[in-house]
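Hi there,

Here is the structure I promised to pass on to you. Have a look at it first, and then read on for what turned up in it.

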Amino acid sequence: HIDMNTYIATFFMHFGSIRFERLCKSKGLEARTMPVPRSLSSSCGTCVKYRASEPLFDPAHDEMEQMVICNEDGSYTQIYKANGL
């Protein structure tokens, strides 16, 4: 049994979120593009929410703005933020 966490990744541009959702699904992960929750800011307004045993990063592209893990109490813990923000 592998523990699965829920993550939200935000992107600088809408295309980045679509690309990342495809990457997640190609790895067999449950993922969907959705509006960014109000408590998280984003340049493009869309994010990808996905479930995985560990965070997924795409080393070939730097379109990701930030990534958070969703806590059981409904809060978020930031685990990545792009440089310069």
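The side chains of K25 and E21 form a salt bridge, with 3.2 Å from N to O. This is a predicted model, so please keep that in mind as you read. Both residues sit in helix α1, 4 residues apart, so about one helical turn lies between them. If you look at their surroundings, K25 is partly exposed, at 47% relative accessibility, whereas E21 is buried, with a relative accessible area of 16%.

In total, the structure has 2 salt bridges. The other pair is R19 and D58, whose closest N and O atoms are 2.6 Å apart. Here R19 belongs to helix α1 (residues 14-26), while D58 is in the loop between β3 (46-52) and β4 (64-70), so this salt bridge ties together parts that are 39 residues apart in sequence. R19 is partly exposed, with a relative accessible area of 22%, and D58 is buried, at 17%.

One more residue to find on your screen is E63, which lies in the loop between β3 and β4. Is E63 buried or exposed? E63 is buried, because its relative accessible area is 16% and the cut-off for buried is under 20%. Setting aside neighbours within four places in sequence, E63 is in contact with F11, F12, F15, G16 and R19. Its C-alpha atom is 20 Å from that of A52, and the two residues are 11 apart along the chain.

Happy exploring, and do write back with any questions!

Best wishes

Note on methods
Residues are numbered from 1 along each chain as its sequence is written. This is a predicted model: local features need pLDDT of at least 70, side-chain atom pairs count only at pLDDT 80 or more; totals for chains, interfaces and linings use all residues. Side-chain values use heavy atoms; hydrogens and water are left out. A salt bridge is a side-chain nitrogen of Lys or Arg within 4 Å of a carboxyl oxygen of Asp or Glu. Helices (H or I, at least four residues) and strands (E, at least two) are DSSP runs, numbered from the N terminus. Buried means under 20% relative accessible area, exposed over 50%, partly exposed in between (1.4 Å probe, protein chains only). Contact means heavy atoms within 4.5 Å.
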